[in-house]
Amino acid sequence: MARKKLAVLISGRGSNMAALIDAARADDYPAEIALVISNIPGAGGLSRAAEAGIPAITIDHKTFGKGADGKRDFEAALQAALEHAAIDIICLAGFMRLLSAAFVNRWRGRIVNIHPSLLPAFKGLDVHAAMLAAGVKIAGCTVHYVSADMDAGPIIGQAAVPVLAGDTPETLAARILVAEHKLYPECVRRVALGEAPIDEQDIVAVPGDGGGALFNPPVR
Ligand code: GRF
C-alpha cells in the first residue's frame, strides 16, 4: 500500500513533529511526513524539519489580516499548500490556531490533534497547571480527530501518566510529553492504515485488552 502523505502543522518547538518524523523513518510505517507548516515565523520545529530534509514552510496568519476575512484567506493558503503537496492526513502538533468548521469539515476523518490531557477533561490552554490545581492523580494525553469544537473530536487513543507529589506544571508536562511522543505515532499509524474509523456514534473503537490499568497511588 502506498504510504500516506502527512502534513504536520506546528507553532512551536515541534517535539511531536519530530516524533512523527522519527517513526516514519521505519520502512513499515504507513505514512511519510511530506510537509511541515508553521504559522509562526522562526518556530523551532521548522529548523528541525529542515534538518530532517522535510519541506518546511511558514504561512504566517498575521499577514492575512484580522477577522473572518483574514481567517478565510489564511485557511485558503493552508489548503493550497496542502493540495500542492497532495497531502492525505493533517497532524496538528502544537498548532495554536483554531481552524474554522468549514476547513475542519472538509478534512473530516483526515485531521488529527494531540492534546496533553485525558479529554474531555482539561480542554484548552494551561492544562498542566489546571490539573495540578484540581488535584488529579492521573493525567495523560489524547490523540483525537479534529472537529469544529476545540479539543472535542472523536478520541483515537489516550495514554495515562501519574501525577507525582511535588509536581510542577513543568515536571508534569515533561512526563506527559514522553507519552505523547509514543502515542501520537501509534495513533497516526492506525489512521493511515484505516484502522481508526469513526462510527455512527462518533466513536473510534480500539481493539485489544488495553494493556491493563494504571493505579496511582499503586495498589498492593
Ligand atoms: C504538546 O504538549 C501538545 O500536546 C500540545 O502542544 C504541545 C506541543 O509541543 N498540543 P511540541 O511543539 O510538539 O513540542
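This report looks at the ligand site of a predicted model and then at one histidine, H61.

Local features here need pLDDT of at least 70 and side-chain atom pairs count only at pLDDT 80 or more, while totals for chains, interfaces and linings use all residues. Residues are numbered from 1 along each chain as its sequence is written, and side-chain values use heavy atoms, with hydrogens and water left out.

**The ligand and its surroundings**

Let's start with the residues around the ligand, meaning those with a heavy atom within 4 Å of it. They are R13, G14, S15, N16, G94, I114, H115, P116 and E180. Three of these residues appear in the table with a polar contact, that is, a pair of N or O atoms within 3.5 Å.

| Residue | Protein atom | Ligand atom | Distance |
|---|---|---|---|
| R13 | side-chain N or O | oxygen | 2.5 Å |
| I114 | polar backbone atom | nitrogen | 2.9 Å |
| E180 | polar side-chain atom | oxygen | 2.7 Å |

Taken alone, the ligand exposes 360 Å², and the protein buries 85% of that (Shrake-Rupley method, 1.4 Å probe). Which elements give two or more residues to the shell around the ligand? They are α1 (15-24) and β5 (111-115); helices (H or I, at least four residues) and strands (E, at least two) are DSSP runs numbered from the N terminus.

**A look at H61**

You will find H61 in the loop between β3 (56-58) and α3 (67-84). Is H61 buried or exposed? H61 has a relative accessible area of 13%, so it counts as buried (under 20%; exposed is over 50%, partly exposed in between; 1.4 Å probe, protein chains only). Leaving aside residues up to four places away in sequence, H61 touches N39, I40, F74 and R97, where a contact means heavy atoms within 4.5 Å.

How values were computed: A polar contact is a pair of N or O atoms within 3.5 Å; within protein, one must be able to donate a hydrogen and the other to accept it, and residues adjacent in sequence count only if both atoms are side-chain atoms.
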